Amino acid sequence: MLSTVFERLRNFRVLDPACGSGNFLLLTLRGLKDLEHEVILESERLGLRAAL
(Lines give C-alpha, C1' and ligand atoms only; values in the text may rest on other atoms or scores of the structure.)
Protein backbone atom coordinates (compact mmCIF):
# COMPACT_ATOMS: atom_id res chain seq x y z
CA MET A 1 0.00 0.00 0.00
CA LEU A 2 2.75 2.47 0.93
CA SER A 3 4.64 1.64 -2.25
CA THR A 4 1.49 2.58 -4.18
CA VAL A 5 1.51 6.03 -2.57
CA PHE A 6 5.13 6.60 -3.62
CA GLU A 7 4.43 5.30 -7.11
CA ARG A 8 1.52 7.74 -7.48
CA LEU A 9 3.72 10.62 -6.28
CA ARG A 10 6.42 9.63 -8.79
CA ASN A 11 3.92 9.50 -11.66
CA PHE A 12 2.05 12.70 -10.79
CA ARG A 13 1.75 14.98 -13.81
CA VAL A 14 1.58 18.74 -13.50
CA LEU A 15 -0.15 20.78 -16.17
CA ASP A 16 1.05 24.37 -16.19
CA PRO A 17 -1.83 26.77 -16.91
CA ALA A 18 0.70 29.56 -17.51
CA CYS A 19 2.39 27.58 -20.30
CA GLY A 20 5.92 27.48 -18.95
CA SER A 21 5.83 29.80 -15.99
CA GLY A 22 8.76 28.60 -13.93
CA ASN A 23 7.23 29.92 -10.70
CA PHE A 24 4.10 27.74 -10.99
CA LEU A 25 6.13 24.63 -11.72
CA LEU A 26 8.61 25.35 -8.94
CA LEU A 27 5.86 25.81 -6.35
CA THR A 28 4.03 22.70 -7.51
CA LEU A 29 7.11 20.50 -7.47
CA ARG A 30 8.12 21.86 -4.08
CA GLY A 31 4.64 21.00 -2.79
CA LEU A 32 4.96 17.45 -4.12
CA LYS A 33 8.36 17.03 -2.45
CA ASP A 34 6.91 18.36 0.82
CA LEU A 35 4.06 15.85 0.54
CA GLU A 36 6.53 13.03 -0.14
CA HIS A 37 8.51 14.06 2.94
CA GLU A 38 5.35 14.04 5.10
CA VAL A 39 4.44 10.56 3.83
CA ILE A 40 7.92 9.32 4.74
CA LEU A 41 7.74 10.82 8.23
CA GLU A 42 4.26 9.48 8.87
CA SER A 43 5.14 6.01 7.62
CA GLU A 44 8.16 5.96 9.93
CA ARG A 45 5.97 7.08 12.82
CA LEU A 46 3.60 4.19 12.10
CA GLY A 47 6.48 1.74 11.85
CA LEU A 48 6.11 1.14 8.13
CA ARG A 49 9.09 0.75 5.87
CA ALA A 50 9.22 3.19 2.99
CA ALA A 51 10.09 1.33 -0.20
CA LEU A 52 11.62 4.17 -2.21
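**Salt bridges and exposure in a two-helix model**

Reader: What relative accessible area does E42 have?
Author: The scale here runs from buried (under 20% relative accessible area) through partly exposed to exposed (over 50%), using a 1.4 Å probe and protein chains only. E42 lands in the partly exposed class, at 35%.

Reader: What sort of model is this, and what pLDDT do side-chain atom pairs need?
Author: Residues are numbered from 1 along each chain as its sequence is written, and side-chain values use heavy atoms, leaving out hydrogens and water. It's a predicted model, where totals for chains, interfaces and linings use all residues, local features need pLDDT of at least 70, and side-chain atom pairs count only at pLDDT 80 or more.

Reader: Which residue does E42 meet in a salt bridge?
Author: A salt bridge puts a side-chain nitrogen of Lys or Arg within 4 Å of a carboxyl oxygen of Asp or Glu. E42's partner sits three residues away in helix 2, so about one helical turn separates the pair. That partner is exposed, at 60%. At 2.6 Å, N to O, E42 meets R45.

Reader: How many salt bridges are there?
Author: Helix 2 also holds K33 and E36, about one turn apart, bridged at 2.6 Å. In helix 1, E7 and R10 pair up at 3.3 Å. The count comes to three.

Reader: Where does R13 lie?
Author: Helices are DSSP runs of H or I, at least four residues, and strands are E runs of at least two; this protein has two helices and zero strands. R13 is exposed, at 73%. You'll find R13 in the loop between helix 1 (2–10) and helix 2 (22–45).
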